[in-house]
Amino acid sequence: MEVVGDYEYNTKDLIGHGAFAVVFKGRCKTKHDLTVAIKSITKKNLAKSQNLLAKEIKILKELAELHHENVVALLECKLLKILERK
């Protein structure tokens, strides 16, 4: 189980992938009935798509203000430092 802040996911629970990210099904550690989608973007892809990522986060924040059941919300955004194995 991978952990990102208050959320956890299994890399086997792949929802999909796009141009610069993969999305996993996850859940909140404190509210197990809260299912979330966790988008993982590699630093390599992030460097190529910095503008695209900023636009996507802006759109998600605006959509989250609608509070509609069919619209996703951006719950949290984290930058994780992952040590590479040599």
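## Rings that pair up

Two rings of Phe, Tyr or Trp count as a pair if their centres lie within 6.5 Å, and a pair is called stacked when the planes are under 30 degrees apart. Keep that rule in mind as you look at this structure, which is a predicted model. How many aromatic pairs does the rule give here? The count comes to 1. The partners are Tyr9 and Phe24, with 5.0 Å from centre to centre and 20° between the planes, so the pair falls under the stacked heading.

Where do the two rings come from? Tyr9 sits in strand E2 and Phe24 in strand E3, so this pair ties together parts of the chain that are 15 residues apart in sequence. Both Tyr9 and Phe24 are buried.

## The overall layout

Now step back and follow the chain from start to finish. You'll pass 4 strands and 2 helices, in the order β-β-β-β-α-α. The chain has 86 residues, and 19% of them are buried.

What about the outside? The accessible surface of the chain is about 7400 Å², and carbon and sulfur atoms own 54% of that. As for contacts between residues with a separation of 6 or more, 23% of them join residues 24 or more positions apart.

## Inside: the nonpolar core

In soluble globular proteins, nonpolar side chains tend to be buried together. Which residues make up the largest nonpolar core here? There are 7 of them: Val4, Tyr7, Tyr9, Phe24, Cys28, Val36 and Ile38. Three elements give two or more residues each to this core: strand E2 (7-17), strand E3 (22-28) and strand E4 (35-40). You've met two of the members already, since Tyr9 and Phe24 form the stacked pair.

Ile38 is a good residue to click on. Skip its neighbours within four places in sequence, and Ile38 still touches Tyr7, Glu8, Tyr9, Val22, Val23, Phe24 and Gly26. Among these contacts are both partners of the aromatic pair, Tyr9 and Phe24.

## Charges that meet

The whole structure has 2 salt bridges. In one of them, the side chains of Arg27 and Glu8 come together, at 2.7 Å from N to O. This bridge links distant parts of the chain, with Arg27 in strand E3 and Glu8 in strand E2, 19 residues apart. Is each partner buried or partly exposed? Arg27 is partly exposed, at 32% relative accessible area, while Glu8 counts as buried because its 11% is under the 20% limit.

The other bridge joins Glu62 and Lys58, whose closest N and O atoms are 2.8 Å apart. Here both residues lie in helix H2, 4 residues apart, which is about one turn of the helix. Glu62 is partly exposed, with 43% relative accessibility.

## Out on the surface

Not every nonpolar side chain is tucked away. Ile59, Leu63 and Leu66 make a nonpolar surface patch of about 270 Å². Leu63 belongs to helix H2, which runs over residues 50-64. Its relative accessible area is 33%, so Leu63 counts as partly exposed.

Lys12, in strand E2, makes a nice contrast with the buried Tyr9 of that strand. Is Lys12 buried or exposed? Lys12 has a relative accessible area of 74%, which is over the 50% limit, so it counts as exposed. The C-alpha atoms of Lys12 and Lys25 are 9.0 Å apart, with their positions 13 residues apart along the chain.

Methods
Residues are numbered from 1 along each chain as its sequence is written. This is a predicted model: local features need pLDDT of at least 70, side-chain atom pairs count only at pLDDT 80 or more; totals for chains, interfaces and linings use all residues. Side-chain values use heavy atoms; hydrogens and water are left out. A nonpolar core is a set of buried Ala, Val, Leu, Ile, Met, Phe, Trp, Tyr and Cys residues joined through side-chain atoms within 4.5 Å. Buried means under 20% relative accessible area, exposed over 50%, partly exposed in between (1.4 Å probe, protein chains only). Contact means heavy atoms within 4.5 Å. Patches are made of residues with over 30% relative accessible area and no salt bridge: like charges are joined within 9 Å, nonpolar side chains (Val, Leu, Ile, Met, Phe, Trp, Tyr) within 5 Å. Accessible areas come from the Shrake-Rupley method with a 1.4 Å probe; for residues, only the protein chains shown count as cover. A salt bridge is a side-chain nitrogen of Lys or Arg within 4 Å of a carboxyl oxygen of Asp or Glu. Rings of Phe, Tyr and Trp (its six-membered ring) pair if their centres lie within 6.5 Å; planes under 30 degrees apart count as stacked, over 60 as edge-to-face and the rest as tilted.
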